[in-house]
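Visitor: Could we go through how the domains of this protein chain meet?
Guide: Certainly; the structure is shown here.

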Amino acid sequence: MVHAPERPPAGAPPVRINLYSDTQTRPSPAMLDAMMRAEVGDEQHGDDPTVHALCDRMAALMGKEAAVFMPSGTMCNVASTLVHCRPGEEIIAHETAHILTSEGGAHAALGSVQILPLKGPRGMYTPDALRGALRGKSRHTPTQRLVEVEQTANTGGGAVWAKATLDEIAGIAHGAGLSTHMDGARLMNACVAAGVAPADMAAGFDSVWLDFTKGLGAPLGAVLCGSSEFIDEAWRWKQRLGGAMRQAGVCAAGCLYALDHNVDRLAEDHANAKALARGLAQMEGVEVQDPDTNLVFFTIPGTGVAATELVRRVRMEGVALSLLGGRLRACTHLDVTAPMIDQALSAIRTALSRG
Ligand SMILES: *Cc1c(COP(=O)(O)O)cnc(C)c1O
């Protein structure tokens with residue numbers, strides 16, 4: 001099977017320490033309680049008060065006119081492309097961008113757009129690289145329409161774009177007549193790490209969204225923000241893509257709970273990621289990228305152990321890691337505590353010492 005997700009291997013013990021992804025966070029009892037008490041209505045009919053409360057709050061937080069609640073971050077990205085771009089147009093993004101590598105080719109399949117991949121360390125490109133990628137306008141060239149950034153850059157190691165760089169990128173894009181889109185799946189991680197408000201971070205971006213199912217710990221939902229006109233068009237695509245929901249306030253209540261309780265604590269996840277990276281760096285043959293936020297990427301070239309084998313060995317000890325494009329990834333989040341970091345390090349050390 002290639003398309004359906006694999007089920008866990010038979011005989012593997014339950015996962016005790018889940019460093020696989022911050023998507024695997026479970027709603028806490030308090031969040032579930034808030035969800036159970038949510039006032040709800042028919043979301044696609046426009047009368048779910050909890051969804052409205054979430055969208056109003058998110059628009060204000062991001063400094064945009066309007067917002068729409070989506071089932072997933074992927075749908076935020078796809079709907080944004082469909083609003084910003086016409087068939088045959090071009091999006092400029094980093095070569096490792098989620099829209100390019102991880103959305104099943106949706107932007108080509110549904111939007112008939114192409115994506116121009118830029119290079120650059122840690123999932124980020126420079127303002128100069130963007131300037132160099134701008135094409136002259138002619139009958140031969142695709143019309144460039146949109147510049148995209150990912151804050152934080154996921155496979156860049158949760159790297160944080162500096163606000164000054166983002167402002168410069170947006171200035172170049174707008175100066176050339178292009179629109180700007182921020183994939184803010186982990187925007188709050190960037191804001192907490194940099195001490196910059198979300199509205200300031202996203203100031204130069206025509207559209208921006210936040211995922212509630214990553215480190216914010218909600219079970220479902222992402223919110224896309226932009227101008228009233230943009231969100232009105234995004235609603236059209238949400239309906240077409242099957243993303244218009246019914247009593248979605250149950251889920252929106254989990255997102256509101258996350259905004260109240262799970263944002264400031266992201267700093268703990270970042271401290272845990274730093275501790276994990278420090279511990280890994282002390283192991284012989286392990287190369288680790290210093291994390292800005294909650295994603296720790298590492299390789300184990302000098303250990304004599306294959307990455308797949310390390311994943312298998314620690315999984316048998318109840319520790320889940322992921323393998324992305326040949327690199328190992330350990331992700332911290334609200335279900336991972338500081339003592340668990342020590343236990344995970346000890347499981348990895350033992351697994352590597354067996355050669
Ligand atoms: C997870 C993720 C997405 C997609 O979000 P889903 O809610 O899983 O659809 C998009 N971009 C980035 C950078 C992500 O990490």
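Guide: What follows concerns a predicted model and the interface between its domains.

Visitor: Which domains does the assignment give?
Guide: The domain assignment of the protein chain gives domain 1, made of 17-26 + 264-353, and domain 2, covering 29-261.

Visitor: And how many residues does the contact take from each?
Guide: Domain 1 contributes 20 residues to the contact and domain 2 contributes 21 residues.

Visitor: How far apart are the C-alpha centres?
Guide: Those of domain 1 and domain 2 are separated by 27 Å.

Visitor: What area is buried between the two?
Guide: About 1600 Å² is buried between domain 1 and domain 2, and carbon and sulfur atoms give 49% of that area.

Visitor: Which residues of domain 1 lose the most area to domain 2?
Guide: They are Asp22, Leu266 and Asp292, which together make up 31% of what the domain 1 side buries.

Visitor: Turning to charges, how many salt bridges are there between the domains?
Guide: The count between domain 1 and domain 2 is 2 salt bridges. Arg122 and Asp292 meet in a salt bridge through their side chains, at 3.1 Å from N to O.

Visitor: How many residue pairs are in polar contact across the interface?
Guide: The rule finds 9 such pairs between domain 1 and domain 2, with both residues at pLDDT 80 or more.

Visitor: Which elements give two or more residues to the domain 1 side?
Guide: Helix H12 (266-281), strand E10 (295-299) and strand E13 (327-331) do so. H12 gives the most, with 3 residues.

Visitor: What about residue classes there?
Guide: The side of domain 1 that touches domain 2 has 8 charged, 6 polar and 6 nonpolar residues.

Conventions. Residues numbered from 1 in each chain as written. Predicted model: local features only at pLDDT ≥ 70, side-chain atom pairs only at ≥ 80, totals over all residues. Heavy atoms only, no water. Domains from an automatic or database assignment. Contact = heavy atoms within 4.5 Å. Buried area = accessible area lost by both parts, 1.4 Å probe. Salt bridge = Lys/Arg side-chain N within 4 Å of Asp/Glu carboxyl O. Polar contact = N/O pair within 3.5 Å; in protein donor to acceptor, adjacent residues only side chain to side chain. Helix = DSSP H or I, 4+ residues; strand = E, 2+ residues; numbered from the N terminus. Nonpolar A, V, L, I, M, F, W, Y, C, P; charged D, E, K, R; others polar.
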